[in-house]
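Biologist: Could you walk me through this one before I go back to the bench?

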Amino acid sequence: MQVSVVVSDNVVVVDGMALHLQNLELDSAIHAIQWSGDSGEVEYTDGRHDVINDISLLTPLIEAHAAELARIQAEEQRIAARDDHPLISLGINNDIEPETLWRRLRDILLNEALTELDRYQKQTLFGGTGTLTEPQAQEWASYAQALRDLPQQIGFSDAVTLPDRPVFPAVDAGGKVEMVLGWAEEAD
């Protein structure tokens with residue numbers, strides 16, 4: 001068995017299959033771990049190297065890799081069947097590739113976020129009060145960036161984890177703040 005781990009990138013490679021795994025719980029002083037056959041090496045960020053002869057350090061990572069690989073393969077099988085895909089199950093045309101559908105959805109959501117940010121910028125340009133607070137505008141900016149980054153997700157064409165859409169308050173006629181489907185509505 002050959003295993004490589006690059007801690008800073010959250011990448012685990014087992015027998016040539018590289019996967020990005022979240023939350024690798026390893027010492028931050030470790031840069032990488034290499035294992036081949038019956039021995040390996042730990043490379044530290046300060047340039048030190050330690051030889052290891054026990055694979056137990058890597059066992060949790062190998063198990064996490066196997067679980068993620070099984071999840072991806074199961075998702076690929078569902079997508080191949082095309083009856084369980086999140087967008088297909090919404091009744092969207094089967095002739096359109098999932099990646100195209102995800103991009104269209106992403107573009108719609110990104111346009112909404114950029115519109116909110118543009119409105120905020122125009123409202124506050126000359127010292128006016130915006131419908132958003134500065135922290136809320138920052139949430140929208142973070143959301144927009146997360147949407148821009150979606151195509152870089154592993155498996156983007158098949159399954160996407162959408163970022164949480166910011167919800168911001170709208171003012172009702174009595175001046176009280178209430179949540180209205182995430183869209184700000186001005187009091188009449």
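Modeller: What follows is a short talk through the elements, one helix packing, the aromatic rings and a contact.

Modeller: Please keep in mind that this is a predicted model, in which local features need pLDDT of at least 70 and side-chain atom pairs count only at pLDDT 80 or more, while totals for chains, interfaces and linings use all residues. Residues are numbered from 1 along each chain as its sequence is written, and side-chain values use heavy atoms, with hydrogens and water left out.

Biologist: How many helices and strands are there in the protein?

Modeller: The protein has three helices and eight strands, where helices (H or I, at least four residues) and strands (E, at least two) are DSSP runs numbered from the N terminus. Their order from the N terminus is β-β-β-β-β-β-α-α-α-β-β.

Biologist: And what share of the residues is buried?

Modeller: Of the 188 residues, 30% are buried, a term that stands for under 20% relative accessible area, with over 50% called exposed and partly exposed in between (1.4 Å probe, protein chains only).

Biologist: How do α2 and α3 cross?

Modeller: The axes of α2 (residues 98-124) and α3 come within 9 Å and cross at roughly 150 degrees, the axes being lines fitted to C-alpha atoms, for helices over the stretch in contact, with angles from 0 to 180 degrees between N-to-C directions. The two helices are therefore roughly antiparallel to each other, since angles over 145 degrees count that way, under 35 as roughly parallel, 65 to 115 as roughly perpendicular and the rest as oblique. Residues making the contact (heavy atoms within 4.5 Å) include Leu110 and Leu117 of α2 and Trp140 and Tyr143 of α3.

Biologist: Which residues form the aromatic pair?

Modeller: The structure holds one such pair. Trp140 and Tyr143 form this edge-to-face pair, at 5.6 Å centre to centre and 80 degrees between the planes; rings of Phe, Tyr and Trp (its six-membered ring) pair if their centres lie within 6.5 Å, and planes under 30 degrees apart count as stacked, over 60 as edge-to-face and the rest as tilted.

Biologist: Where do Trp140 and Tyr143 lie, and are they buried or exposed?

Modeller: Both belong to helix α3 (residues 134-149), three residues apart, about one turn of the helix, and Trp140 and Tyr143 are both buried.

Biologist: Changing topic, what does Glu68 contact?

Modeller: Glu68, which is in helix α1 (residues 59-81), is in contact with Leu19 and Leu21, leaving aside neighbours within four places in sequence. Glu68 and Leu21 are 47 residues apart along the chain, yet their C-alpha atoms are separated by 7.8 Å.
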